[in-house]
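Welcome to this short tour. Open your viewer, get comfortable with rotating and selecting, and let us walk through the model together.

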Amino acid sequence: MEVEEAGDTYYTLSEVEKHKGESSEKWIVIGREIYDVTSFINRHPGGKRILLHHCGQDATDAFHAFHPIAEKATKHLTALKIGQTSPSEQETPDIVRDFRELRSRVESMGWMKPDWKFYTLVFLHIMVLEYGAYGLLLSLGMRPLAVAFGIAMIVAAQVQAGWLQHDIGHLSIFRDTRISYLAHVFVMSFTKGALVQWWNHNHNQHHAKPNVISKDPDTRLDALFVVGEVMPVRVARDPDHVQMPYHWQHWYFSFTFPPLLFPLYFSYENLRLLKKARMGDRVGFILYYIKILTVLYIASGSVVQTLAFYFTFRFFESQIFVWISQSNHIPMPIEDDERKDWFSMQLKATCNIHDNLFNTWISGHLNYQIEHHLFPRMPRHNYHKVRPLVESMCNKHGVPYIAKGLFEAFADILRSLEKSGKLWLDAHNAVLRAEM
């Protein structure tokens, strides 16, 4: 319902909801303001999909989570404003108000600012691992001990570079997007051999709608796996969907997803996006492969040994990445978009791994996954500072704060897959009985 009052146009939230991603006109709420972003969708610097995921909804907290300089981003929206939310619906729920107060406190405490000494040490230890491995291989060749240490050092460098590029991509280190892009190219493209564009295309969508079916790219696993409680039943009832033996997925997961994600799928995705990537991204990507393949060929003198070494370290890197990254999300509820507030949505979709020196290092501080999801731009060295405040807010509002041991988290992935597989099997058998 549209109401005009004192020169302003007011709309109810139910009217806003009609203008979601599938509609011809797309509206979004930020603060009290309503914007028609139809003409802006394809020009959005963060990509159109993340904006489409919030059309017809209040995106206030998502907006602040992803924009380090909110005032600068708001300028692009001024011309798109069409009105405000109805005064009768402008009361802020307690949990939303408390989270916004927490965010203000975090910013006033300076916890959104990076520690340059910390990030310098992170960068240097990656360089020591990578180029130390190259020096070792070039000096000793492909002797067994040199190969073993070389693989271990390169895997460690790759994993740690992955966490560093993650920080850069979230603007946790550099607020200037141009500087951040150059740093991202160096770490992601030239040091890891992956495209910045691929990461930007997928990862912010994941943060905006974690564990939300059809909106979080990380839930699009149904070619091999069904997750959560909604997807298994939906897939089983879809006559056009290829029905895998999902009731065995907790057995075949360990032999497919962790070892093959990087060597096969990520390699394919990066090559697919290479032509569309920005020039700097492409140059860094190509130079990485010239660098790594040249070093390995000089050290081995054999194309076969070069490729064997390359795919071996990708295999181990992939294992570490998948088990760590999936332990925070697969065991948690995976559902359709329930339009929850930012705090509740992130806590429902994420869990932490207990903090100790090894867990924190091997995961790049992403054992603090809850804090990271609430404040994606926060430099990782500050997660432990905000954790007590997050736990306190959870206790106040009765929101579960889940933290577990590293190997318990890994086991929960398999337990969750087994549960989802059984749900699929029951639904699949029900479909077969109905067809008889």
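**Stop one: a leucine in a loop**

Start by selecting Leu-171, which sits in the loop that links helix H7 (144-169) to helix H8 (177-191). Now look at its backbone: the phi angle of Leu-171 is positive, about 60 degrees, although this residue is not a glycine. Is Leu-171 buried or exposed? Its relative accessibility is 17%, and the cut-off for buried is under 20%, so Leu-171 counts as buried.

Before you go on, keep in mind that what you see is a predicted model.

**Stop two: a serine to set beside it**

Next, select Ser-214, in the loop between helix H9 (196-208) and helix H10 (230-236). Ser-214 also has a positive phi, about 75 degrees, and is not a glycine either. Its surroundings give another picture: with a relative accessible area of 53%, Ser-214 is exposed, while Leu-171 is buried.

**Stop three: the histidine in contact with that serine**

Keep Ser-214 on screen and add His-53, which you will find in the loop between helix H2 (48-52) and helix H3 (60-66). Which residues does His-53 touch, if you leave aside its neighbours within four places in sequence? They are Gln-205, Lys-209, Ser-214, Lys-215 and Asp-337. Show the side chains of these partners and turn the view around the histidine. With a relative accessible area of 7%, His-53 is buried.

**Stop four: aromatic rings**

Now colour Phe, Tyr and Trp. How many aromatic pairs does the structure hold? There are 30. One of them is Phe-118 with Tyr-119, an edge-to-face pair with 5.0 Å from centre to centre and 85 degrees between the planes. Tyr-119 is buried, at a relative accessible area of 4%.

For another pair, select Phe-309 and Phe-313. Their ring centres are 6.3 Å apart and their planes meet at 65 degrees, so this pair is edge-to-face too. Both residues belong to helix H13 (residues 303-327), and because they are four residues apart there, about one helical turn separates them. Phe-309 and Phe-313 are both buried.

To finish this stop, select Phe-225, Tyr-252, Phe-253, Phe-257, Trp-323, Phe-407 and Phe-410 together: these residues form one aromatic cluster.

**Stop five: a long way across**

Go to helix H12 (residues 279-300) and pick out Leu-293. Leu-293 counts as partly exposed, with 32% relative accessibility. Now add Lys-20 and draw a distance between the two C-alpha atoms: Leu-293 and Lys-20 are 48 Å apart in space and 273 residues apart in sequence.

**Last stop: the whole chain**

Clear your selections and zoom out. The chain has 18 helices and seven strands. Its radius of gyration is 23 Å, close to the 22 Å that the globule rule gives for 436 residues, so the chain is as compact as a globular protein of that length. Along the principal axes, its C-alpha atoms fill a box of roughly 80 × 65 × 45 Å.

Of the 436 residues, 53% count as buried. Among contacts between residues at least 6 apart in sequence, 70% join residues at least 24 apart. Switch on the surface: the chain exposes about 21,000 Å², with carbon and sulfur atoms supplying 61% of it. Finally, colour by charge. The chain has 45 positive and 45 negative charges, and their mean positions are 7 Å apart.

Methods: Residues are numbered from 1 along each chain as its sequence is written. Side-chain values use heavy atoms; hydrogens and water are left out. Helices (H or I, at least four residues) and strands (E, at least two) are DSSP runs, numbered from the N terminus. The radius of gyration is taken over C-alpha atoms; the globule rule is 2.2 Å times the number of residues to the power 0.38. Buried means under 20% relative accessible area, exposed over 50%, partly exposed in between (1.4 Å probe, protein chains only). Contact means heavy atoms within 4.5 Å. Accessible areas come from the Shrake-Rupley method with a 1.4 Å probe; for residues, only the protein chains shown count as cover. Lys and Arg count as positive and Asp and Glu as negative; His and the chain ends are not counted. The place of a charge is taken as NZ of Lys, CZ of Arg, CG of Asp or CD of Glu. Rings of Phe, Tyr and Trp (its six-membered ring) pair if their centres lie within 6.5 Å; planes under 30 degrees apart count as stacked, over 60 as edge-to-face and the rest as tilted.
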